[in-house]
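Student: I should like a close look at a single part of this structure, namely the contact between the two chains. Please describe it in one connected account, and then place it in its surroundings.

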Amino acid sequence: MMEAVRVAATAGLRLAWTAVTSPAARVAAVPRLARACTTIPSKYDERDPAPLFFDPNVQEILKRVTGRNYDKIFRRRYDEKRLSPPKYEFLTDEELGELREEMEKKAETLLQMPPVVKQREPIMDVLSRDPALVGFDTCRYIFTDITYGVTDRKRFIVVRDADGTLRQASWEERDRMNQIYNPQPGRKIRSHRVFEEENLKNVLDREEYEFVLDLACAQFEPDDPEYQRVTGRVYETLEARRCYQILHSTRHYGPLCFYLTWNKKIDNLLTTLIQQEMLSEGADIVRLYYLIHPDSKSAGHHVDLSLPLETIKAYMEQDSLQRAKLQLAIQAYQEIVQQRHQCQEDVKAAHGL
Amino acid sequence: MAAPVRLVCLSLPARQLCFHPTAGLRGLAVAAVSVRKPSDGQQHPALCGASSPLVQAIRHTSFFNRLTAEQLWKGVTSVSNAGKKQGRGKGVGKKIAKDLNRGQVIGIGRENMVWPGLNAPILRGRELIQQHQLPKDEEREAKLIKIRDSQGKFRMLKLDPLERGWSGTKMPGRSIGAPNAIGEDSFEGFDTKVLELKVVTCMTAVFGRKRRMSIFAVTGNGNGLAGFALSKATTVQDAIRKVKNRAGQKLLHIQRYNDHTVLHDFFTQYGATKIYVKKMPEGYGLVCHRAIRTICEVVGIKDLHAKVEGICNVQNMTKAFFLGLINQKTHQQLANEKKLHLVEFRKEQLNFPKVVASPEDSVVRTRAEIPQEEELDLTRYLMGGRVQLQRKKYPPPYTKLYSYELYLKSLAVRRNKEKVKLDMLVHEGEVKSFYTDKYPECRPMQPKSLRQEQHQEVDA
């Protein structure tokens, strides 16, 4: 009973606040947690997320949720290149339309999501044991097949240890050899020190999330445990600070949503989306949840595509872990909509329409 | 005035008597008597030092104490008009008037007297001070001479490097402050810079050659308001005051793109001076004639490329530039004229088409409505069909030598070493070789600053 009263009182105050402020201001005013990340990031090491991630329905949802803010997608990157003066052209409507279509395709390629796959298993394959070779040298030898046309993944890289064992190279040795003989741009042989825990914390405190994620994409393969640790850490920090919109219209938003949905942490995300009045995106997240966790309680219910609020409500009633907050947010939103509608009616009446 | 007395012979005591102030008229009378004695005309050197001293009669007033110090100095330092024509009285040999009052105080002179009321109090406690003489100050003369010696030297005005104009201590390029306020309108944020300072002459019937200073200056507030003016006056200060106030009366509003450059490329001319102006991105700077650079600084343009062709006359250049600036067309105007969308493409934004302006009446022409001869290229349209001559750029002559190939080969060896060094500093913390861990003496030479730091750490 007391709880209900408290909830109602807070709802009243919240209503007053939400009526005055804009959605963007509301999200910005949410207090940031001081201890940004006490949770250990979870990795994709048990269940393989790849079949689900590459499922066309899931891909469609993730692409739709990412957003298309062209100013952000095509923003200026600070890559130490000299600026050149802008060029101007007179265009007709048709030419402009054609160019816009080209740009949409370009945006698609720029928003290509880094794949979400299961962590790779360590390689333990031994090809032969030759104890007769013990003492032939003090160092071990790594043999790399540098045939042209062979991809890095399929390349043969074997190691002859000092004790005579001939084995397949481990993943670290493979990465190093591939980078030496077939260097990829943006990748270093010795990994950046930014990915060490202390430095990562530093960078995340400065809120350079996209920078770290882009660097991780360039340096690691998607199934590298290091990559999954770093990205998991960034996603956890964003979740703790509730600033998901920083990654909106970037290629990392899809994997972020997938990560949160995989680990059943979508409540804060839904609250934020409702506060920003992006209900269709919220409904998309819930649909994604049902695709990833088909055994959830409300999954079997009929999902009406035209009523996003109903979808979110259905999820909230059955499967939500932070029901109260979500309920509050939905209530506040409904009341705002009603107030707005009322306001418009009043204005119309005042004008005599 | 006493009658002058002719000098016959002058003995030493007599000479002293001459210049002694207390000689007086009595001495003159005595002298008159004593001098008329040897009328036989013979020179008698033995007469000097004889019975009565010969006194030289002196004037107590002459030009020396009748004229002011200024007039006296003018007599010594001035150069005739003819002399000036030949360049006399300029430079090292120029005589400079010295202020002889410097180093002296009223009340203290060669005789070190105590004048109560002037350089001493009248009463010291209950005691009345009497006029008396103190021992002579030997160093006073030496001090005065020293001051006067140091006075005459012509010292060059010390100009702060930031205040300097285009060249040395000359005025062109230097700031002369904001125009004077008129009533309530104060020219806040305005700065005036001199573009030309000339000495001009004309022949007049009354005075002959009349010399005047002519200043051409431009004023602006760094935010789009600017104006230029030409004024003449007899002195430089008067001319400065006139020109900046006049420039402040003739202000123009100039439109800029994002507050850092012009709206678009254009061509202007005034007289025989032609200017091709190009719009440039942030960070490019002002690559143009120094006069145009000064004008851009006061207007508030930070990035520009301008090529002056024809005659580089500063006044015509300024007029041409201002004409071009005020005849610029805004994006909206261009879109309205052409009835087409004006779209911006930026390389750093992956050439994303950004619609900067659309026709206001939303009537956009279609491909079919545009005649084939119409000029659709914006730069050519704005230049009026003019094309700037692009001179061919030749590689430097040393590229043809064999030694250049050797140099390039040596560069190739070193080209990645900077990155390797940085990488090593990041991962290892210091630049070292494979032997450094095992043999501490195998450590590469550190730069001086680092070595000093290490010494400090060791000491501490």
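Tutor: What follows treats the contact between the chains, then the sheet that spans it, and then other sheet pairings of chain B.

The model is a predicted one, and local features are described only where pLDDT is at least 70. The contact draws 28 residues from chain A and 36 residues from chain B. Together, chain A and chain B bury about 3100 Å², and 63% of this area lies on carbon and sulfur atoms. On the side of chain A, the residues that lose the most area to chain B are Tyr88(A), Phe90(A) and Arg190(A), which together account for 28% of what that side buries.

Polar interactions also cross the interface. Between chain A and chain B there are 11 residue pairs in polar contact, counted where both residues have pLDDT 80 or more. Two elements of chain A give two or more residues to the side that touches chain B: strand 1 (87–91) and helix 6 (93–110). Helix 6 of chain A gives the most, with 9 residues. By class, the residues on this side of chain A divide into 12 nonpolar, 3 polar and 13 charged.

Salt bridges form a further part of the picture. The interface of chain A and chain B holds 3 salt bridges. In one salt bridge, the side chains of Arg190(A) and Glu428(B) meet at 3.3 Å, N to O. Side chains of opposite charge can pair when their charged atoms come close. Over all chains, the whole structure contains 43 salt bridges. Arg190(A) lies in the loop between helix 7 (171–181) and helix 8 (197–205) of chain A, while Glu428(B) lies in the loop between helix 13 (417–427) and helix 14 (448–459) of chain B, so this pair joins two chains.

The backbone pairing across the contact deserves equal attention. An open sheet of 3 strands, with antiparallel pairing, has the order 1(A)-14(B)-15(B). Its edge strands are strand 1 of chain A and strand 15 (354–357) of chain B, each of which pairs on one side only. From one strand to the next, the twist averages 40 degrees. Strand 1 of chain A runs antiparallel to strand 14 (residues 341–345) of chain B, and 5 bridges join the two. Within this pairing, Leu91(A) stands opposite His341(B). Strand 14 of chain B is also joined to strand 15 of chain B, by 3 bridges and in the antiparallel sense. Here Glu344(B) stands opposite Lys354(B).

Helices from both chains pack on this sheet. Helix 6 of chain A touches strand 1 of chain A together with strand 14 and strand 15 of chain B, and its direction makes about 125 degrees with that of strand 1 of chain A. Helix 10 (residues 331–338) of chain B likewise touches strand 1 of chain A together with strand 14 and strand 15 of chain B; its direction makes about 90 degrees with that of strand 15 of chain B.

Chain B also contains an open sheet of 4 strands, in the order 10-11-13-12 and with mixed pairing. Strand 10 (266–270) and strand 12 (286–287) of chain B are the edge strands, each pairing on one side only. Strand 10 of chain B is joined to strand 11 (residues 273–279) of chain B by 5 bridges, and the two run antiparallel. Helix 8 (residues 290–299) of chain B packs on this sheet, where it touches strand 11, strand 12 and strand 13 (304–310) of chain B, and its direction makes about 140 degrees with that of strand 13. Helix 9 (residues 314–326) of chain B packs on the sheet as well, touching strand 10, strand 11 and strand 13 of chain B, with a direction about 140 degrees from that of strand 10. Among the opposed residues of strands 10 and 11 of chain B are Phe267(B) and Tyr276(B). The hairpin of these strands has 2 residues between them, and Gly271(B) takes a positive phi near 70 degrees.

Further pairings occur in chain B. Strand 6 (residues 191–204) and strand 7 (residues 208–220) of chain B pair in the antiparallel sense over 13 bridges, forming a hairpin with 3 residues between them. Strand 7 of chain B also pairs with strand 8 (residues 225–233) of chain B, in the antiparallel sense over 8 bridges. This hairpin has 4 residues between its strands, and Gly222(B) in the turn has a positive phi of about 70 degrees.

Definitions and conventions. Residues are numbered from 1 along each chain as its sequence is written. Chains are lettered from A and ligands numbered from 1 in the order in which they are written. Side-chain values use heavy atoms; hydrogens and water are left out. Two strands pair if DSSP finds at least two bridges between them. Contact means heavy atoms within 4.5 Å. Axes are lines fitted to C-alpha atoms, for helices over the stretch in contact, and angles run from 0 to 180 degrees between N-to-C directions. Buried area is the accessible area (1.4 Å probe) that two parts lose on being put together, summed over both. A salt bridge is a side-chain nitrogen of Lys or Arg within 4 Å of a carboxyl oxygen of Asp or Glu. A polar contact is a pair of N or O atoms within 3.5 Å; within protein, one must be able to donate a hydrogen and the other to accept it, and residues adjacent in sequence count only if both atoms are side-chain atoms. Ala, Val, Leu, Ile, Met, Phe, Trp, Tyr, Cys and Pro count as nonpolar, Asp, Glu, Lys and Arg as charged, and the others, Gly among them, as polar.
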